[in-house]
Amino acid sequence: MIEGRPVVGNLGPEMEVVHLLRAVTVELGLHSARFAHRNGMHPTDVRALIALMDASRAGTEMTVGRLGAALGLNSAGTTALIDRMERAGQVRRVRGAGDRRRVLVEVTETAVELGWASFGPLITAAVELLRVYDERELAAVKGFLTGVLEAATDGK
């Protein structure tokens, strides 16, 4: 929207980038849906795996409640999700090191390998594409994507 009005027509190269981003988003969603379907997963399972891997990469413990909040699920839905994923060997519940009363959720190596088999080639291609950019260009790409992410999550 521009000044409260929907964007109509082509407003120049900025809109070309926005439309390209939309096309990439759609294709990534389809890739994720095919992955879920091939592996007998619900799309929420894929989102849960991503949240768990992001937390692991950041060195952050993921509690059951925090995972539910990240996925927009209530307590019962989160428990059902974790139970289903645990039966499939994709996640495990572990006790917190500092507080044994805390229940944490971790992604299994099996799930990581499964994800890498499907998403690895895409990740590798994206990294290779980014290697041609200098630091300034990478900062611009990162700034743009961060801004779009913030705009998309503003209502949360």
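A salt bridge, as used in these legends, is a side-chain nitrogen of Lys or Arg within 4 Å of a carboxyl oxygen of Asp or Glu. This is a predicted model, where local features need pLDDT of at least 70 and side-chain atom pairs count only at pLDDT 80 or more, while totals for chains, interfaces and linings use all residues. Residues are numbered from 1 along each chain as its sequence is written, and side-chain values use heavy atoms, with hydrogens and water left out.

**View 1. The link between Glu128 and Arg131.** Here glutamate 128 pairs up with arginine 131 in a salt bridge, and their closest N and O atoms sit 2.4 Å apart. Buried means under 20% relative accessible area, exposed means over 50%, and partly exposed is in between (1.4 Å probe, protein chains only). Glutamate 128 has a relative accessible area of 43%, so glutamate 128 is partly exposed. Arginine 131 comes out at 58%, so arginine 131 counts as exposed.

**View 2. The whole protein, for orientation.** You'll find six helices and two strands in the protein, and along the sequence they run α-α-α-α-β-β-α-α. Both kinds of element are DSSP runs numbered from the N terminus: helices are H or I with at least four residues, strands are E with at least two. The C-alpha atoms fill a box of roughly 55 × 35 × 35 Å along the principal axes. Of the 156 residues, 22% are buried.

**View 3. The largest nonpolar core.** A nonpolar core is a set of buried Ala, Val, Leu, Ile, Met, Phe, Trp, Tyr and Cys residues joined through side-chain atoms within 4.5 Å. The largest one has 20 residues, and Leu49, Leu52, Leu67 and Val91 touch the most other members. At least two core residues come from each of α1 (13-38), α2 (43-58), α3 (64-71), α4 (75-87), β2 (103-107) and α5 (109-130). The top contributor is α2, with six residues. In soluble globular proteins, nonpolar side chains tend to be buried together.

**View 4. Zooming in on Leu52.** Contact here means heavy atoms within 4.5 Å. If you skip the neighbours within four places in sequence, leucine 52 is in contact with Met62, Leu67, Val91, Val105 and Val107.

**View 5. Asp45 meets Arg84.** The side chains of aspartate 45 and arginine 84 come together in a salt bridge, at 2.5 Å from N to O. This pair joins distant parts of the chain: aspartate 45 belongs to helix α2 and arginine 84 to helix α4, 39 residues apart. Aspartate 45 has just 2% relative accessibility, so aspartate 45 counts as buried. Arginine 84, at 33%, counts as partly exposed.

**View 6. A loop-to-loop tie between Glu61 and Arg102.** Arginine 102 and glutamate 61 share a salt bridge whose closest N and O atoms are 3.4 Å apart. Arginine 102 lies in the loop between β1 (91-95) and β2, and glutamate 61 in the loop between α2 and α3, so the pair ties together parts that are 41 residues apart in sequence. Arginine 102 is partly exposed, with a relative accessible area of 34%. Glutamate 61 is partly exposed too, at 39%.

**View 7. A linked trio of charges.** Asp83, Glu86 and Arg93 are joined in a network of salt bridges. How many salt bridges does the count come to? By the rule given at the start, it comes to eight.
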